[in-house]
Amino acid sequence: MSESAFSDVPKRLGLYPVVDSVEWIERLLEAGVRTIQLRIKDKVESDVEADIIAAIKLGDRYNARLFINDYWQLAIKHRAYGVHLGQEDMDVANLDAIRDAGLRLGLSTHDNMEMDRALAARPSYIALGHVFPTNTKQMPSAPQGLEQLTAHIKTLGDYPAVAIGGISLERVPAVLATGVGSVALVSAITQAANWQTATAQLLELVGAGDE
Ligand SMILES: Cc1ncc(COP(=O)(O)OP(=O)(O)O)c(N)n1
Ligand SMILES: Cc1nc(C(=O)O)sc1CCOP(=O)(O)O
Ligand SMILES: [Mg+2]
């Protein structure tokens with residue numbers, strides 16, 4: 001597998017919560033999370049800019065890896081650690097500008113074809129979804145399951161990879177057994193009866209990632 005064209009991320013990004021507010025970013029960084037994504041959907045840039053600035057400041061303060069979902073221009077403008085984009089986002093985003101600004105890039109994939117397309121861009125990491133059924137996002141494809149995830153991880157070799165979609169605390173050991181270095185999740189934390197306990201248990205299992 002060829003090297004990333006973007007700034008590197010550690011092979012193991014560890015526990016990777018994907019959240020929709022600065023409040024979540026702050027409480028999870030305070031709880032020990034070191035890889036995190038701000039995912040605010042479908043707002044105009046002027047409505048998200050202040051949150052993006054605040055999230056980036058928090059990421060810097062905690063020495064954490066903060067990825068901005070979708071809003072790649074604001075991520076460049078305010079010097080985020082990285083950007084996460086999906087396949088449709090790739091059609092409109094300026095990947096060269098993200099790379100030239102030194103930001104890391106994560107790309108979503110859901111099957112072999114998307115993986116080939118994403119790898120051609122040589123991002124910092126590849127996200128593999130959705131592993132299990134998820135209620136958080138409407139997915140046009142079927143869940144890829146653990147067998148397919150294992151095959152993809154094998155193909156990727158040393159390339160940093162992130163598993164996402166329907167990953168609960170109970171499912172984490174089986175996901176880690178595929179060899180993936182990072183577990184991204186939304187509801188396992190944000191919908192948990194006690195998010196502090198859930199986060200501590202998830203950090204214990206997955207870790208906070210390599211330095
Ligand atoms: C770590 C991670 N993986 C996948 C996604 C999904 O990104 P995308 O396909 O662009 O969909 P939206 O999140 O924009 O709805 C992600 N955000 N993070
Ligand atoms: C934002 C997102 N992207 C996915 C993908 O497969 O690309 S799955 C997903 C939602 C993940 O939420 P939960 O952990 O609650 O299932
Ligand atoms: Mg997107």
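**Figure 1. Ligand 2 and the residues around it.** In this predicted model, ligand 2 has 14 residues around it, and the ones that come nearest are His110, Thr134, Thr136, Gly166 and Ser187. Sorted by class, that shell comes out as 4 nonpolar, 8 polar and 2 charged residues.

**Figure 2. Polar contacts of ligand 2.** Three of the residues named in the first view turn up again here. Start with Thr134: an N or O atom in its side chain sits 2.6 Å from an oxygen atom of ligand 2. His110 also uses its side chain, placing a polar atom 2.7 Å from an oxygen atom of the ligand. With Gly166 it's the backbone that takes part, as one of its N or O atoms lies 2.7 Å from an oxygen atom of ligand 2. How much of ligand 2 does the protein bury? On its own the ligand exposes 430 Å², and the protein buries 95% of that.

**Figure 3. Ligand 1 and its shell.** Now for the other ligand. Ligand 1 is surrounded by 16 residues, with Gln37, Arg39, Lys41, Asp89 and Lys137 the closest. By class, the shell holds 6 nonpolar, 5 polar and 5 charged residues.

**Figure 4. Polar contacts of ligand 1.** Each of the contacts picked out here runs from a side chain to an oxygen atom of the ligand. For Arg39, a polar side-chain atom is 2.6 Å from an oxygen atom of ligand 1. Asp89 has a side-chain N or O atom 2.9 Å from a ligand oxygen, and Ser108 brings a polar side-chain atom to 2.9 Å from one as well. Taken alone, ligand 1 exposes 420 Å², of which the protein buries 92%. Which elements give two or more residues to the shell around ligand 1? Look for strand S4 (82–85) and strand S6.

**Figure 5. The largest pocket, where the ligands sit.** Where does ligand 1 sit? The space it takes is the largest pocket, and the space taken by ligand 2 is the largest pocket too. This pocket offers about 770 Å³ of space. It is lined by 41 residues, and the closest to the pocket centre are Arg39, His110, Lys137, Met139 and Ile164. You've met some of these already: His110 is among the residues nearest ligand 2, while Arg39 and Lys137 are among the closest to ligand 1.

**Figure 6. What the pocket wall is made of.** Several strands and helices each supply at least two residues of the lining of the largest pocket. The strands are S1 (14–19), S5 (104–109), S6 (125–128), S7 (161–164) and S8 (182–185). The helices are H4 (87–92) and H9 (187–190). By class, the lining has 15 nonpolar, 19 polar and 7 charged residues.

**Figure 7. A cavity in the protein.** Besides the pocket, there's an enclosed space to look at. How many cavities of 30 Å³ or more does a search of the whole structure find? The search turns up 1. The largest cavity has a volume of about 30 Å³. Its lining is made up of Lys11, Ile153, Gly157, Tyr159, Ala161, Gly179, Val180 and Gly181. Split by class, those lining residues are 4 nonpolar, 3 polar and 1 charged.

Technical notes
Residues are numbered from 1 along each chain as its sequence is written. Chains are lettered from A and ligands numbered from 1 in the order in which they are written. This is a predicted model: local features need pLDDT of at least 70, side-chain atom pairs count only at pLDDT 80 or more; totals for chains, interfaces and linings use all residues. Side-chain values use heavy atoms; hydrogens and water are left out. On a 1 Å grid over the protein atoms alone, a cavity is a set of points where a 1.4 Å probe fits but cannot get out, and a pocket is an open set with protein on both sides within 12 Å along at least five of seven lines; lining residues have an atom within 4 Å of a point. Grid points are joined across faces, edges and corners, and a volume is the space filled by probe spheres set on the points. Helices (H or I, at least four residues) and strands (E, at least two) are DSSP runs, numbered from the N terminus. Ala, Val, Leu, Ile, Met, Phe, Trp, Tyr, Cys and Pro count as nonpolar, Asp, Glu, Lys and Arg as charged, and the others, Gly among them, as polar. A residue is near a molecule or strand if one of its heavy atoms lies within 4 Å of it. A polar contact is a pair of N or O atoms within 3.5 Å; within protein, one must be able to donate a hydrogen and the other to accept it, and residues adjacent in sequence count only if both atoms are side-chain atoms. Accessible areas come from the Shrake-Rupley method with a 1.4 Å probe; for residues, only the protein chains shown count as cover. A molecule sits in a cavity or pocket if more than half of its atoms lie within 2 Å of its grid points.
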